[in-house]
Amino acid sequence: MDDIYRAIQRLFEEGRSAVLATIIRQAGPSPRGTGTKCLIKDDGSFVGTVGGGILEAETLNQARAVLYARLPVRLHFSLDGKDVAETDMLCGGQVEVFLEPVAAPDSSCNLLFQKVEEALREGQGGLLITLIDPERWRAGDVPKLFLRKGGDMFGCLQGAQAVAEAVLRYRKKLMGSRHLSVLSMTDDAGLPTEVLVEPIMAKSPLYVFGAGHVSRQIVPLAARVGFQVVVIDDRDDFADPSHFPEAGEVHCIPFEGAMERLPVDRASFVVIVTRGHMGDKTVLAQALKTEARYIGMIGSRQKRELIYQALSSEGFTQKDLDRVHSPIGIGIGAETPEEIAVSIVAELIQARAGMER
């Protein structure tokens, strides 16, 4: 998602326009889920994908009409053979795509998307609210509002301040869902209007303790699926940024007291893959004192029990230890560092999606 908003900023700087396509509804199996985006530029090139095949081909085709009319459209697809004749896209699901114009001359639109990109860059987030009825777009200003985490608002919803107030009241619940929603709400005149409410989430911070061979496989994979990776090791020759080009940060610091130097909070993921039991225990003891969303430690069940016993003798409770994913990763029979990395990152994705075991 960050790439989409960065691309929008570059287009604005060049004085160009585009169409932003978003999957807003999805039922049954389909290539991509709700919230998936594709930015179709005025030269026909695009960033991202809504799923390929006839779905994407028709989306790209309709984008030209949206650019010309400067009005949004909604496309409905049935992926059961009727809408996908002569293709292999027979998922059997239903998909709805919302296409909206993103025009450089619109200063209010420019500012709004600038604030979205800025929030993501700063590790923040918020809610992006859009009135999706095309009639709402005919008045002039784009009917979009960005409610940044913390309360600042950018943009406007003409004739629908009641919508903004309702979203403001329920912003914590809407942000907590992490999922895009299409809601039926009431405008200032008491008339029903459909509203697209999209949580804008910054990349989840992932702290990888240990810079060995397993970490070298975890980091690029985790970065590729949207984690902001920080690598920590206490050895200069291992904590080398050249070994981890995909990581946002690489630190060479002692494991003892490391958490005091890192902003580990309730949005953070912690993976413990140091070179030995003592390093793992040292980091785990600190991680359990944080509000980290996910804590995973590599190793066998025997190693885990030995470390748990030591931590219990230091005052940690069973409730504390139940927070730990250990042995780390989902069960796929992984043996090589590459396979172990796939197992670990799969569990991170699972946890991020709210599907923890």
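**A buried charge story around β7 and β10**

Glu198 is buried, with just 4% relative accessible area. Its side chain meets that of Lys37 in a salt bridge, 3.1 Å from N to O, and the two residues sit 161 positions apart, Glu198 in strand β10 (residues 192-200) and Lys37 in strand β2. Keep in mind that this is a predicted model. The rest of this briefing covers the salt bridges, strand β7 with its neighbours, Thr130 and helix α2.

**Salt bridges**

- A search through the whole structure turns up 20 salt bridges.
- Lys37, the partner of Glu198, is buried too, with a relative accessible area of 9%.
- Glu100 and Lys144 make another salt bridge, with their closest N and O atoms 3.0 Å apart. Glu100 is in strand β5 and Lys144 in strand β7, so this pair ties together parts of the chain 44 residues apart in sequence.
- Glu100 has 2% relative accessibility, so it counts as buried; Lys144, at 2%, counts as buried as well.
- Side chains of opposite charge can pair when their charged atoms come close.
- Arg138 and Glu135 also meet through their side chains, in a salt bridge of 2.9 Å from N to O. Here Arg138 is exposed, at 52% relative accessible area.
- Then there's a network: Glu14, Arg16, Asp42 and Asp43 are joined into one by salt bridges that share partners.

**Strand β7 and its neighbours**

- All five residues of β7 (residues 144-148) are buried, so the strand is largely enclosed by the rest of the structure.
- In a regular strand the side chains alternate between the two faces of the sheet.
- In β7, Lys144, Phe146 and Arg148 point one way while Leu145 and Leu147 point the other, and all of them are buried.
- On one pairing, β7 runs antiparallel to strand β6 (residues 126-131), with five bridges joining the two. Thr130 has Lys144 as its bridge partner in β7.
- β7 also runs antiparallel to strand β8 (residues 153-156), this time with four bridges. Lys144 turns up here again, with Cys156 as its bridge partner in β8.
- Four residues separate β7 and β8, which form a hairpin. In the turn, Gly150 has a positive phi of about 115 degrees.

**Thr130, next to Lys144**

- Thr130 belongs to strand β6 and counts as buried, at 1% relative accessibility.
- Besides their bridge pairing, Thr130 and Lys144 have side chains joined by a polar contact of 2.6 Å.
- Leaving aside residues up to four places away in sequence, Thr130 touches Phe98, Trp137, Pro143, Lys144, Glu194, Val195 and Leu196.

**Helix α2**

- α2 covers residues 53-69, which makes 17 residues. From first C-alpha to last it reaches 25 Å, close to the 24 Å expected at 1.5 Å a residue.
- An α-helix has 3.6 residues a turn, so residues three or four places apart point the same way.
- The buried residues of α2 are Leu55, Glu56, Thr59, Ala63, Val66 and Leu67.
- Those buried residues pack against five strands: β1 (17-27), β2 (37-41), β3 (46-48), β4 (73-78) and β5 (94-103).
- Right after α2 comes Arg70, with a positive phi near 60 degrees.

Key:
Residues numbered from 1 in each chain as written. Predicted model: local features only at pLDDT ≥ 70, side-chain atom pairs only at ≥ 80, totals over all residues. Heavy atoms only, no water. Expected span 1.5 Å × (residues − 1). Buried < 20%, exposed > 50% of the residue type's maximum accessible area, 1.4 Å probe, protein only. Contact = heavy atoms within 4.5 Å. Pairing = 2+ DSSP bridges. Polar contact = N/O pair within 3.5 Å; in protein donor to acceptor, adjacent residues only side chain to side chain. Salt bridge = Lys/Arg side-chain N within 4 Å of Asp/Glu carboxyl O.
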